[in-house]
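The report below walks through a few local features of one model, moving from a loop residue and its surroundings to backbone angles, a helix and a pocket.

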Amino acid sequence: MKPIPKVSIVIPVFNGANFLRDAIESALAQDYENIEIIVVNDGSNDAGQTEAIAREFADKIIYYSKPNGGVSTALNLGIEKMTGDYFSWLSHDDLYVVDKVKCQIELLLGLPSSERVIAYSNYQTFFIDQQELKETRLDMTAPRCFRYQIATDNRIHGCSLLIPRSAFLEHGLFSEKLRATQDYDLWFRFSESYTFVHSPKALVIGRVHGSQVGVRMRELVFKENVAFRKKCLDELTNEEVVAATGKTKSLSYAILVEKFLRKALLPVAFHAFKISLKCLPNDGIQSVLRWPFYFCRSASIGSAFFIYSLLAKMRAR
């Protein structure tokens, strides 16, 4: 009989007294017997409120406190201290459904080989201001298209992942230089040699509220997002891009121009345009003939977005 894998749930927290108790309780409620829960206090300065809540569970969790350095540093400390076979991230303001860990372990162990596999799932998002709950349903992405998917979309919830410890030993930890894209930066590195497998059940409930990085630091998020996506586009291989779209490389990147314009990521759209233009001479006459169509369509979307942005600014004044 195979031993039951141990799962380490790591909860990084900074000034999280409002939500931390709920997160810890959702981790403790897991119907999977072999887990450890590590709470890392990332230098909270709320007069000891966050620490007091963590201390309430002193006999049920492992608790560390460190100077403030950002979520990546807290996660990395938890990874360094974990003793489990698998890592599961739980933000202090999010929740696991009761069978999150069990469902993903069963999924992985049911595969012919689970050694180089990372599980992810659907999730629900609770918008606190609107008191509204929405579910995000993801599709299974073929391994050869996964890095392309990460580069062009960012719908995977980091807390829905279950990651083998070996992935960190091979590809390193979260980048401590990043504040907003540290998760996708790591998933992109993992996907070089690990397969991501999708579980259709929503296993995480994520909260959206005003004190999150994405809300408080919009300019930083935008800059990191642009830099990350440019880096991804430069590192994607011809085979990955063509496999994801079924088009030649030049047309594949022309498609991305439109996609990034729709996301209001103009610098990334221009970067994709330059790559597309560079690839065009090597892609044959069919691509040369069809490329102007994609370019004109993207230019129309770009013009519409520019006019919309201009009107929005005028209205704001």
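A polar contact is a pair of N or O atoms within 3.5 Å, where, within protein, one atom must be able to donate a hydrogen and the other to accept it, and where residues adjacent in sequence count only if both atoms are side-chain atoms. By that criterion the side chain of S160 reaches the backbone nitrogen of S121 at 3.4 Å.

The model is predicted, so local features need pLDDT of at least 70 and side-chain atom pairs count only at pLDDT 80 or more, whereas totals for chains, interfaces and linings use all residues. Residues are numbered from 1 along each chain as its sequence is written, and side-chain values use heavy atoms, with hydrogens and water left out.

S160 lies in the loop between α5 (146–152) and β8 (163–164); helices (H or I, at least four residues) and strands (E, at least two) are DSSP runs, numbered from the N terminus. With a relative accessible area of 0%, S160 is buried, given that buried means under 20% relative accessible area, exposed over 50% and partly exposed in between (1.4 Å probe, protein chains only). Setting aside neighbours within four places in sequence, S160 is in contact (heavy atoms within 4.5 Å) with K100, Q104, A119, Y120, S121 and V204. Of these partners, K100 is 60 residues away from S160 in sequence, yet the two C-alpha atoms are 8.2 Å apart in space.

Two residues that are not glycine have a positive phi, and the table sets out their values and surroundings.

| Residue | Phi | Loop between | Relative accessible area |
|---|---|---|---|
| A47 | about 60 degrees | β2 (35–42) and α2 (49–55) | 76%, exposed |
| A264 | near 65 degrees | α11 (249–262) and α12 (266–279) | 27%, partly exposed |

Helix α7 (residues 182–190) is mostly covered, with nine of its nine residues buried; among them are Y184, L186, W187 and F188, as well as D183, D185 and R189.

The second largest pocket holds about 310 Å³ of space. On a 1 Å grid over the protein atoms alone, a pocket is an open set of points with protein on both sides within 12 Å along at least five of seven lines, and lining residues have an atom within 4 Å of a point. Its lining comprises 15 residues, of which P5, Y86, L109, S114 and E115 lie nearest the centre of the pocket. By class, the lining of this pocket has eight nonpolar, three polar and four charged residues, where Ala, Val, Leu, Ile, Met, Phe, Trp, Tyr, Cys and Pro count as nonpolar, Asp, Glu, Lys and Arg as charged, and the others, Gly among them, as polar.

Notes. On a 1 Å grid over the protein atoms alone, a cavity is a set of points where a 1.4 Å probe fits but cannot get out, and a pocket is an open set with protein on both sides within 12 Å along at least five of seven lines; lining residues have an atom within 4 Å of a point. Grid points are joined across faces, edges and corners, and a volume is the space filled by probe spheres set on the points.
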